[in-house]
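Cysteine residues offer a convenient route through a protein model, and the paragraphs below follow that route. Please keep the sequence and the coordinates at hand while reading.

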Amino acid sequence: MGFHSFFLFAILIPYISFGTSTHESQNLTSSSNDLEALIGFSNCLESAIPDWNSSTSPDYCTWSGVTCDVLPRVGARVVRLELGSTRLTGKICESLAGLDQLRVLNLSHNFFTGSLPDNLFHLQNLEIMDFSNNHFEGSINTVVCSFFTRLRVFKLSNNFFSGEIPGNLGNCSSLQHLSINANDLSGSLPESIFQLQSLNELDMQDNKLSGPLSEGVGKLSNLVEFDISNNEFSGILPNIFGGLTRIKVFSAGSNKFTGQLPASLVNSPSLQILIVNNNSLGGSINLNCSAMKNLTSIGLGFNQFHCLVPGSLSNCLRLEAIGLGLNHFNCGGIPVNFKNLQSLTQLSLSNTRLHNLSATLEVLSHCRNLSTLGLSSNFHNEEMPQPQDQNLEFNNLKVFLLGNGQIKGSFPKWLCGCKMLQMLDLSWNRLTGSIPSWIGKFNNLYYLDLSNNSFTGKIPQSLTMVLSHQGSIGDQNVLSVPHSHPVARCYEA
């Protein structure tokens, strides 16, 4: 969703066959050029690879991470070098480019520093390059794919690369997966990227990319996952999603987008995850769930939406997570048809100007799988509903946030049935009376905030363990510490 870049790599690798395995390579006649390239690579490391020793193990095809294959007219050559997550340190020397038959190069999740040698981008047979999760820096080489077009997977994520995205990436005509997220890249997206007709995953989040989102994105007809979140893109979201017939994930949160959600986006039949939180989008939230039957998660919070169109979510029956907090709703309460969302597990509606707490809880109690519910900064000066008014059941609730509403009444007794509670926030309200002892009997409760209310009486001794971890109940309350352990039963004060 952030969010899925490891899936394609994990799926592809088991099905790529390059012939002879590492353990079958003892009878191969090796190339002295490959041996020289591997030794040169090893000499640049600040950490050793234990079994890389040409003296004790002269057949480098048996070295860890090395795979050889017998190739026509060239004999036995190194075709794969896979040293991911081996805690290697140091720099990459130009000698590595001597492995001119290399198809897979994976040095991810290590501690490499410096820049990538230019001659690595002259390896004509490379199909997979993964340098992600290191400490590389400098610009992305501008000759990428100028000398080879077989590259299918290119990962540079979680490094310190800077500068602009090179236009030559458009020459990578076979590219299916491009991950350059979590770097320090800037500038706009080069138009050449939109020529990559085979691209199905494009991860660019967590950079400093800017400018409008080009309508050229609509040309990427095979795109499945597209993440540009946490950048500086601006302008309106282009109405191009009708051409993205395979799109499942679109994440554009934490940018500077304005305007409304485009019609092609809110009618996308393939979309499963839509994240556009923390922008300046506005208008009504009008998702066409009759078309969006695969939608499971939406994140629209921290925008300027002014209303949720009644009925717009009633047919999104697969929805599991809804984030709508920090908007400027003017529609009062939540639509009654929210009760149809039986798959819903997470709902955030905090700070959305909601009214009628009693009706809201009654509707949401029908969402039997709800585990996280955020309703803080709403329902100002309303009364806390109690069991005699309605039967409220939230048996799977783990997180309940209802702070900062100046809500009146007593501690909600219907929470007694929420045995799975882990976090409870009722702070900054106007609740009175005593704190029930049964709340301390919730075995999973580790965070409790009842501060800035008007509770009186003794602090239940059963709360001692919770408060020793993380909790606050004292501010503005008039409470004392008990001398004996009370019997904890539901609905007892």
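What follows is a walk through the cysteines of this structure, taken along the chain.

The structure is a predicted model, and 4 disulfides are found in it. Three of these links are described here one after another, with their geometry, their surroundings and the exposure of their partners.

The link between Cys44 and Cys93 is a disulfide with an S to S distance of 1.3 Å, a value that falls within the 2.5 Å used to assign such a pair. The angle about its S-S bond is -80°, and the link is left-handed. Cys44 sits in the loop between helix H2 (32-43) and strand E1 (66-71), while Cys93 sits in the loop between strand E3 (89-90) and strand E4 (104-106), so the disulfide ties together parts of the structure that are 49 residues apart in sequence. As for exposure, Cys44 has a relative accessible area of 22% and is partly exposed, and Cys93, with a relative accessibility of 22%, is likewise counted as partly exposed. Both assignments rest on the cut-off of 20%, because a residue is called buried under that value and partly exposed between it and 50%.

Cys61 and Cys68 form another disulfide, in which the sulfur atoms are 2.0 Å apart. This link of Cys61 and Cys68 is left-handed, with -90° about the S-S bond, and both of its cysteines are buried.

Further along the chain, Cys289 is joined to Cys316 by a disulfide whose S to S distance is 1.6 Å. With -85° about the S-S bond, the link of Cys289 and Cys316 is left-handed. Cys289 belongs to the loop between strand E19 (280-285) and strand E20 (297-299), and Cys316 to the loop between strand E21 (304-308) and strand E22 (321-323), so this pair ties together parts that are 27 residues apart in sequence. Cys289 counts as buried, its relative accessibility being 3%, and Cys316 counts as buried at 1%.

Two more cysteines complete the walk. Cys367 is counted as buried, with a relative accessibility of 2%. Why does the sulfur of Cys418 have no bond to the sulfur of Cys416? The closest cysteine sulfur to that of Cys418 is the one in Cys416, and it lies 8.6 Å away, which is too far for a bond. Cys418 itself counts as buried, at 0% relative accessibility.

Terms used. Residues are numbered from 1 along each chain as its sequence is written. This is a predicted model: local features need pLDDT of at least 70, side-chain atom pairs count only at pLDDT 80 or more; totals for chains, interfaces and linings use all residues. Side-chain values use heavy atoms; hydrogens and water are left out. Helices (H or I, at least four residues) and strands (E, at least two) are DSSP runs, numbered from the N terminus. Buried means under 20% relative accessible area, exposed over 50%, partly exposed in between (1.4 Å probe, protein chains only).
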